[in-house]
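Subject: The two-chain model, handed over

Hi,

Here is the structure I promised to pass on to you. My notes on it follow below, so have a look at the model first and then read on.

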Amino acid sequence: MATKILSVDDSRTIRLIVGKAFRPYNVTLLEAANGEEGLAVAAREKPELIILDVTMPVMDGVTMLTKLKEDPALKAIPVIMLTAESGRDNVLQIARLGVRDYLVKPFKEDQLIEKAGRCVTLEKKPAPTPA
Amino acid sequence: MSPTIQVPNICEFMNRHLVDVFETMLSMKATVMPNAGMPPLEERVTGSVAFAGEHITGAVYLHLAKPFANQVAAAMLGLPPEELGEAEVNDVVGEATNMLTGGLKSWLCDSGAECAVSTPAIIRGSAFVIEPVPDVLREWLVFDCDHNRIVVEIHVKVG
């Protein structure tokens with residue numbers, strides 16, 4: 001069965017890059033464009049991992065994570081935060097929120113796969129058989 | 001504590017950071033062209049993100065010629081250029097500008113000049129010039145990337 005991963009980011013570019021990174025793996029990628037949509041998708045689909053942007057309109061990543069941790073049905077889902085800001089204060093704030101890991105943009109797809117692989121099982125899709 | 005941010009330090013940081021963003025996200029090698037003039041104002045896609053704080057305000061503009069912007073978008077998304085529309089290219093250039101300015105924000109904050117950044121905006125066209133308001137310094141940083149030009153324009157007011 002495919003691993004369900006939720007990508008929450010207001011940038012379609014980042015959601016596409018996340019999708020590209022997981023393409024070789026048996027993963028169902030769910031998407032949301034802000035924290036509010038992300039919470040709704042998480043409640044409905046119960047993903048095994050959430051990749052969450054920090055700065056988003058409507059509801060930012062910090063607020064979504066806080067609400068996620070308050071919900072007994074969702075609080076155990078591991079979260080990897082994605083941030084464009086690597087400053088000390090920003091990283092400390094993220095660490096205090098109880099995230100499993102974080103990744104600073106720009107990032108390599110390999111780094112994302114490595115961090116996700118520490119949270120969930122990632123199975124490679126079988127290579128297509130030649131016709 | 002009053003921060004001691006100097007414009008040359010901002011440029012030095014941005015020279016390193018742009019090379020890092022292009023290498024990490026696109027596997028493209030960008031090289032600083034220290035004394036290059038502003039390239040011709042051909043049709044281009046420009047991303048902009050502003051930053052503002054108590055000690056510093058300004059904006060970062062990333063100028064790419066339209067064909068190169070399409071190439072960058074294709075590389076970042078792993079899609080063939082013919083599958084990309086204007087919206088996808090705009091989104092990629094906006095995100096690249098966001099990464100550049102996000103890195104600058106972190107560097108400024110760690111240097112004692114806390115600031116916030118805006119969401120990205122895109123300008124498309126040719127022969128346009130972005131004029132800074134009085135007291136705002138403007139710097140041009142020009143890079144070569146496989147014979148394409150990348151221009152980062154920084155507007156900054158310190159203090």
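**Confidence, chain by chain**

The average pLDDT of chain A is 90, and 96% of its residues reach at least 70. Please keep in mind that this is a predicted model. Within chain A, the lowest mean pLDDT of any element, 74, belongs to helix α4 (residues 88–96), while helix α2 (residues 35–45) has the highest, at 97. Chain B also averages 90, with 97% of the residues scoring at least 70. Among the elements of chain B, strand β4 (residues 116–117) has the lowest mean, 90, and strand β2 (residues 44–52) the highest, 96. For the model as a whole, ipTM is 0.77 and pTM is 0.86.

**Chain A**

Chain A has five helices and five strands, and along the sequence they follow the pattern β-α-β-α-β-α-β-α-β-α. Its radius of gyration is 14 Å, close to the 14 Å that the globule rule gives for 131 residues, so chain A is as compact as a globular protein of that length. The C-alpha trace of chain A spans about 55 × 30 × 25 Å along its principal axes. Of the 131 residues, 39% count as buried. If you take the contacts in chain A between residues at least 6 apart in sequence, 60% of them join residues at least 24 apart.

The part of chain A I would look at first is strand β3 (residues 49–53). Five of its five residues are buried, so β3(A) is largely enclosed by the rest of the structure. In a regular strand, side chains alternate between the two faces of the sheet. Both faces of β3(A) are covered: Leu49(A), Ile51(A) and Asp53(A) are buried on one side, and Ile50(A) and Leu52(A) are buried on the other.

Which strands pair with β3(A)? One is strand β1 (residues 3–8), which runs parallel to β3(A) over four bridges; here Ser7(A) has Ile51(A) as its bridge partner. Another is strand β4 (residues 79–83), also parallel to β3(A) over four bridges, where Leu52(A) is partnered by Met81(A).

Helix α1 (residues 12–22) of chain A has eight of its 11 residues buried, so α1(A) too is largely enclosed by the rest of the structure. The buried residues of α1(A) include Arg15(A) and Thr13(A), along with Ile14(A), Leu16(A) and Phe22(A).

**Chain B**

Chain B comes to three helices and seven strands, in the order α-β-β-β-α-α-β-β-β-β. Its radius of gyration is 15 Å, close to the 15 Å that the globule rule gives for 159 residues, so chain B is as compact as a globular protein of that length. Along the principal axes, the C-alpha trace of chain B spans about 50 × 30 × 25 Å. Of the 159 residues, 40% count as buried. Among contacts in chain B between residues at least 6 apart in sequence, 68% join residues at least 24 apart.

Strand β7 (residues 148–158) of chain B pairs with strand β3 (residues 56–65) in the antiparallel sense over nine bridges, and Thr57(B) has Lys157(B) as its bridge partner. Nine bridges also join β7(B) to strand β6 (residues 137–145), again antiparallel, with Leu141(B) opposite its bridge partner Val152(B). β6(B) and β7(B) form a hairpin with two residues between them, and Asp146(B) in that turn has a positive phi of about 55°.

**The core and the contact between the chains**

The largest nonpolar core has 70 residues, and those touching the most other members are Ile50(A), Leu52(A), Val60(B), Leu100(B) and Val152(B). Helix α3(B) gives the most to this core, with 10 residues. Leaving out residues up to four places away in sequence, Leu100(B) touches Met14(B), His17(B), Leu18(B), Val21(B), Val60(B), Leu62(B) and Val152(B).

Where the chains meet, 18 residues of chain A and 18 residues of chain B take part. On chain B, α1 (7–26), α2 (66–77) and α3 (86–110) each supply at least two residues of the side that touches chain A. Of these, α3(B) gives the most, with 11 residues. By class, this side of chain B has seven nonpolar, six polar and five charged residues.

Best wishes

Terms used:
Residues are numbered from 1 along each chain as its sequence is written. Chains are lettered from A and ligands numbered from 1 in the order in which they are written. This is a predicted model: local features need pLDDT of at least 70, side-chain atom pairs count only at pLDDT 80 or more; totals for chains, interfaces and linings use all residues. Two residues are in contact if their C-beta atoms, placed from the backbone, lie within 7 Å. Ala, Val, Leu, Ile, Met, Phe, Trp, Tyr, Cys and Pro count as nonpolar, Asp, Glu, Lys and Arg as charged, and the others, Gly among them, as polar. pLDDT is the predictor's confidence in each residue, from 0 to 100. Two strands pair if DSSP finds at least two bridges between them. The radius of gyration is taken over C-alpha atoms; the globule rule is 2.2 Å times the number of residues to the power 0.38. A residue is buried if 20 or more other C-beta atoms lie within 10 Å of its own, exposed if 12 or fewer, and partly exposed in between; C-beta atoms are placed from the backbone. A nonpolar core is a set of buried Ala, Val, Leu, Ile, Met, Phe, Trp, Tyr and Cys residues joined through C-beta atoms within 7 Å.
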